[in-house]
Amino acid sequence: MTASLTPPPPSPSLSAVASVFPAPALAAASAPLPGPAPVSAVVPVAVAAADVGTDEPVKLWLCPNDGLPPAVAGLLAAHWLDAQEQKTASRFLFERDRRQYLLAHTLVRRALALEAGLAEAELVIWRSARGRPFLRPAPGELPRGGAQLDFNLSHAGGYSLLGIVRRHRIGVDVERLEDRDERAITTIVRTFAGPEREWVEQAAHGPDRDRRALRVWTLKEAYSKARGLGLGLPFDAFVFTLDDERGVRAFTPPADDTARPWRFVELEPVPGVLVAVAVPADEAQDPVLHLGYGFPWSRSELRSYPLPHPVGGHPAAVPA
């Protein structure tokens with residue numbers, strides 16, 4: 001499943017309240033990579049504020065680095081980030097890296113606050129032994145419902161991507177196609193399983209091969225991050241079967257994950273920016289993904305997409 005959108009103008013001001021999705025309307029959610037024409041029309045639907053944060057399993061925010069002025073990001077960070085985050089921000093040698101960190105972590109706190117119904121500074125974020133961040137579970141129901149939220153953050157090429165889900169785990173990854181070094185692409189392809197390497201090498205060297213390689217890479221990153229394992233999970237231990245028109249056709253999980261199916265989403269929300277999302281499948285729901293662009297000042301600036309069918313595991317299985 002792939003989608004593209006026309007991004008809003010750069011550097012939105014506070015008064016603009018994160019302008020998103022101007023005309024023309026979003027392309028079909030099933031548009032092939034890399035072609036612009038849709039295979040089958042799946043029209044995104046605007047999500048009303050009252051409907052957001054209720055039953056939907058997946059929320060996604062993509063924010064460019066210029067989506068929040070540096071002075072504003074610094075001001076918000078001073079009030080929202082905890083002592084450890086402040087200490088981490090102060091350690092960056094280059095200002096551009098510090099700005100990236102502040103943007104990403106104010107994005108996390110703002111979006112989680114909107115979902116949880118708590119103030120940004122009240123959120124307590126823990127980290128696992130492998131470094132994966134978690135929102136500390138609430139002792140009861142969160143003000144906006146549910147006992148917990150899971151989130152995952154990725155940033156690359158001037159963009160920060162945040163995924164949020166209720167009840168389950170989520171993994172996300174974002175990569176930018178431009179300025180990819182041939183040796184770097186070759187190195188990551190070597191980490192893939194044999195069938196994936198063959199599929200990548202069937203494309204002509206250059207942009208087509210790079211796109212295939214990064215599609216596989218983002219999916220593998222998203223899955224391993226959803227599992228909480230990151231690069232600790234060998235990338236040749238599981239296999240994605242892809243094509244250019246239908247996204248993920250099949251998934252062969254690693255040996256320790258055969259019971260549950262997964263849903264994998266591929267998006268190209270900005271030309272040349274590839275996004276992958278991995279979430280355990282829940283057959284009890286008809287899940288959708290809500291996608292927002294820019295800094296999340298509001299809970300209503302979103303588009304909605306149906307998630308693709310589950311792959312891998314046993315389709316009847318529902319994860320705990």
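These are legends for several close-up views of a predicted model.

**View 1. Trp-217 and Phe-235 meet edge-to-face.**
The structure has 14 aromatic pairs, and here's one to look at. Trp-217 and Phe-235 pair up edge-to-face, with 5.1 Å from centre to centre and 65° between the planes. The two rings come from distant parts of the chain: Trp-217 belongs to helix H6 (residues 207-226), while Phe-235 is in the loop between H6 and strand E8 (239-243), 18 residues apart. Are these two residues buried or exposed? Trp-217 is buried, and Phe-235 is too. For Phe-235, the relative accessibility is 7%, and under 20% is what it takes to be called buried.

**View 2. Phe-238 joins in with Phe-235, and Lys-220 covers its face.**
Phe-235 has another ring partner to spot: Phe-238, again in an edge-to-face pair, this time 5.9 Å centre to centre with 75° between the planes. Phe-238 is buried, because its relative accessible area is 0%. Now find Lys-220, which lies over the face of Phe-238 at 4.1 Å from the ring centre. Zoom out a little and you'll meet one aromatic cluster, made of Trp-217, Tyr-223, Phe-235, Phe-238, Phe-240, Phe-251, Trp-262 and Phe-264.

**View 3. Arg-96 sits over the ring of Phe-94.**
Here's another charge over a ring. The charged end of Arg-96 is 4.7 Å from the centre of the Phe-94 ring.

**View 4. Asp-82 and Arg-109 form a salt bridge.**
A search of the whole structure turns up 21 salt bridges. In this one, the closest N and O atoms of Asp-82 and Arg-109 are 3.4 Å apart. Asp-82 lies in the loop between helix H1 (70-80) and helix H2 (83-90), and Arg-109 is in helix H3 (residues 95-116), so the bridge ties together parts that are 27 residues apart in sequence. Check how accessible each partner is: Asp-82 is partly exposed, at 28% relative accessible area, whereas Arg-109 is buried, at 1%.

**View 5. Asp-257 and Arg-227 link two loops.**
This salt bridge has its closest N and O atoms 3.9 Å apart. Where do the partners sit in the chain? Asp-257 is in the loop between strand E9 (247-252) and strand E10 (262-270), and Arg-227 is in the loop between H6 and E8, 30 residues apart. Both Asp-257 and Arg-227 are buried.

**View 6. Asp-243 meets Arg-249.**
The side chains of Asp-243 and Arg-249 form a salt bridge, at 3.7 Å from N to O. Asp-243 counts as buried, with 17% relative accessibility, but Arg-249 counts as exposed, at 54%. Elsewhere, salt bridges with shared partners join Arg-212, Arg-215, Asp-244 and Glu-266 into one network.

**View 7. Helix H5 has a buried face.**
Which residues of helix H5 (residues 194-201) are buried? They're Glu-196, Trp-199 and Val-200. Looking down the axis of H5, you'd find these buried residues within an arc of 100°, so they line one face of the helix. There's a handy rule behind this kind of pattern: an α-helix has 3.6 residues a turn, so residues three or four places apart point the same way. On the other side of H5, Pro-195 and Glu-198 are exposed. The buried residues of H5 pack against helix H4 (182-189), H6 and E8.

**View 8. Ala-278 is buried in strand E11.**
Ala-278 is part of strand E11 (residues 273-280). Its relative accessible area is 0%, so Ala-278 is buried. Look for Arg-263 too: although the two residues are 15 residues apart along the chain, their C-alpha atoms are separated by 5.9 Å. Leaving out neighbours within four places in sequence, the contacts of Ala-278 include Ala-222, Tyr-223, Trp-262 and Phe-264.

**View 9. The largest nonpolar core draws on helices and strands.**
This core has 28 residues, and the members that touch the most others are Ile-188, Tyr-223, Phe-240, Phe-251 and Phe-264. H4, H5, H6, E8, E9, E10 and E11 each give two or more residues to this core. Which element gives the largest share? That's H6, with eight residues. For one of the well-connected members, Ile-188, the residues touched are Ala-213, Leu-214 and Trp-217, not counting those up to four places away in sequence. There's also a second, separate core of 26 residues, and Leu-68, Trp-80, Ala-111 and Ile-164 are among them.

Note on methods: Residues are numbered from 1 along each chain as its sequence is written. This is a predicted model: local features need pLDDT of at least 70, side-chain atom pairs count only at pLDDT 80 or more; totals for chains, interfaces and linings use all residues. Side-chain values use heavy atoms; hydrogens and water are left out. Rings of Phe, Tyr and Trp (its six-membered ring) pair if their centres lie within 6.5 Å; planes under 30 degrees apart count as stacked, over 60 as edge-to-face and the rest as tilted. Helices (H or I, at least four residues) and strands (E, at least two) are DSSP runs, numbered from the N terminus. Buried means under 20% relative accessible area, exposed over 50%, partly exposed in between (1.4 Å probe, protein chains only). A charge sits over a ring if NZ of Lys or CZ of Arg is within 6 Å of the ring centre and within 35 degrees of the ring normal. A salt bridge is a side-chain nitrogen of Lys or Arg within 4 Å of a carboxyl oxygen of Asp or Glu. The arc is that of the directions from the helix axis to the C-beta atoms. Contact means heavy atoms within 4.5 Å. A nonpolar core is a set of buried Ala, Val, Leu, Ile, Met, Phe, Trp, Tyr and Cys residues joined through side-chain atoms within 4.5 Å.
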